[in-house]
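Student: I should like a close look at a single part of this model, the pocket and what lines it. Please give one connected account.

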Amino acid sequence: MRKPIEMTRVLIPTGALGLGYERAALALGVANRPDIIAVDGGSTDSGPSYLGRGVSKYSRGSTKAEWRELMLARAEAGVPLVIGTAGTCGADAAVDWLYQITEELTAELGQKLRVARLYSGQNAADLTVALASGKITPLPAAPPISAEILASCTNIVALAGAEQIQAALATGADIVIAGRTTDTAIIAALPLLRGDHAGAAWHGAKVGECGAIATTNPASGTIQIDFDKTGFTFTPLGASARATPYTVSAHMLYENSDPFILHEPGGQLDVTAARYQALNQREVRVEGSRWVPGPYTVKLEGARVAGYQTVALALLRERRYVEAARAWADAVIAETRARVAARLGLAADTYDLEIRLIGIDATMGALENHRPLPAEVGALAIVTAPTEALASEIGKMVNPYLLHHALEENEPMPTFAFPFSPAEMNRGAIYEFCLNHVLHLSEPMSSFRLVVTEVGHG
């Protein structure tokens, strides 16, 4: 596909590194001569533990295999390769993790590259000063924060915007490994830098953030977006993937509370007047989006240890117990709490004990209203306590009830099934998100840092 003059073509291989994509679609995208290859590295979808620990949720092997292919694609296209939210959480340790993989691959592939690392990690002491000076403000439903809460975080990151990615590109980097970024920043950065329509840059970036999810075949992964002075053109590259005005416009609803407004560092995208036109059976043209400049803020994400957890799973199959599973579980909780109080002297509010009934209400809890009875129920006991030793001790106290607790006093003792031995499994530290705030910056790079390194020998 010939690239028009005065246009920026962004190739997006997949919605997130590690999710996979059609290899033929990637090859087609490279052949179409993109100006940049941009891929997301992760999100908060799988909870706070990854940010809290500073690790990736994807396997190293899968990440390395896909990153190898993208590094080869970059070399063939001769353009920068940018990844945002490296290592799925964007913590500084995750950036270093992917950088180490990149070093290995440059040696294996015989490449010589300039690699820019954009770090998004924040220092709690610096944020405490910013909080005291009013430079940190809460978003809707934000929890209260304090210097103590900031200090308790194991990792805090700020979500970089287009300006920080542009600074990394300005180093002449072949590869940019960015910490936590907004999903859109890595896509919008180059079109904005080259003077393309600002509203289109952010809107197209929003539509393309998850790869082919805005098409009829999300699993195909690879798409390209052409940005110009008046709008953008969205093209899926998978053989069976199609884009329609519906699939493209609907993506503004994805992970966004307002279908018309999207907040980003330095302003907001307004798609109220956007027009969606099907150019053919595959491509969609969009014009009319508007960028509204505003204060420069970056969202903060922080995670801290919320306790330690032990879990145990028992399986109930006898029909009577399956039918009365919730009453049985509530009785097990009550009996265990009584024993903990008597033998450990712990008040009920110093730890947490719950039983989730897998097959009945493990997902929705008390909100579940769909009640066909399964053949068996998994009773997952979850103990959360201030220390790992205490969580394990309470887990062992719940063990005999999970195995033998009877619905009634004057009935034979039942025996249920433990699928694992030991039944108690210590999960270690668990984490919670504790920030939903924005940090006001006078200069976009003031809370971020860049490290540029020449790697490989060519």
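Student: Which element gives the largest share of the lining of the largest pocket, and how many residues come from it?

Tutor: The structure is a predicted model, and the account below should be read in that light. Strand E15 provides the largest share of the lining of the largest pocket, with 5 residues. The space in this pocket amounts to about 1100 Å³. Its lining is made up of 39 residues, and those closest to the pocket centre are Leu139, Leu159, Leu262, His263 and Lys299. Besides strand E15 (297-316), the elements that contribute two or more residues to the lining are strand E10 (261-264), strand E11 (267-270), strand E14 (290-293) and strand E19 (437-440). In terms of residue character, the lining divides into 16 polar, 13 nonpolar and 10 charged residues.

For the wider setting, one may turn to a sheet in the model. This open sheet has 10 strands with mixed pairing, in the order E12-E13-E9-E8-E1-E2-E3-E7-E4-E20. At its edges lie strand E12 (275-278) and strand E20 (449-456), each of which pairs on one side only. From one strand to the next, the twist averages 20°. At the E20 end of that order, strand E4 (residues 112-119) pairs with E20 in the antiparallel sense, over 8 bridges. Within this pairing, Val452 in E20 stands opposite Ala116. To return to the request itself, the answer is strand E15, from which 5 residues of the pocket lining come.

Definitions and conventions
Residues numbered from 1 in each chain as written. Predicted model: local features only at pLDDT ≥ 70, side-chain atom pairs only at ≥ 80, totals over all residues. Heavy atoms only, no water. Pairing = 2+ DSSP bridges. Helix = DSSP H or I, 4+ residues; strand = E, 2+ residues; numbered from the N terminus. Axes fitted to C-alpha atoms, helices over the stretch in contact; angles between N-to-C directions. 1 Å grid on protein atoms, 1.4 Å probe; cavity = no way out; pocket = protein on both sides within 12 Å on 5 of 7 lines; lining within 4 Å. Points joined across faces, edges and corners; volume = space filled by probe spheres on them. Nonpolar A, V, L, I, M, F, W, Y, C, P; charged D, E, K, R; others polar.
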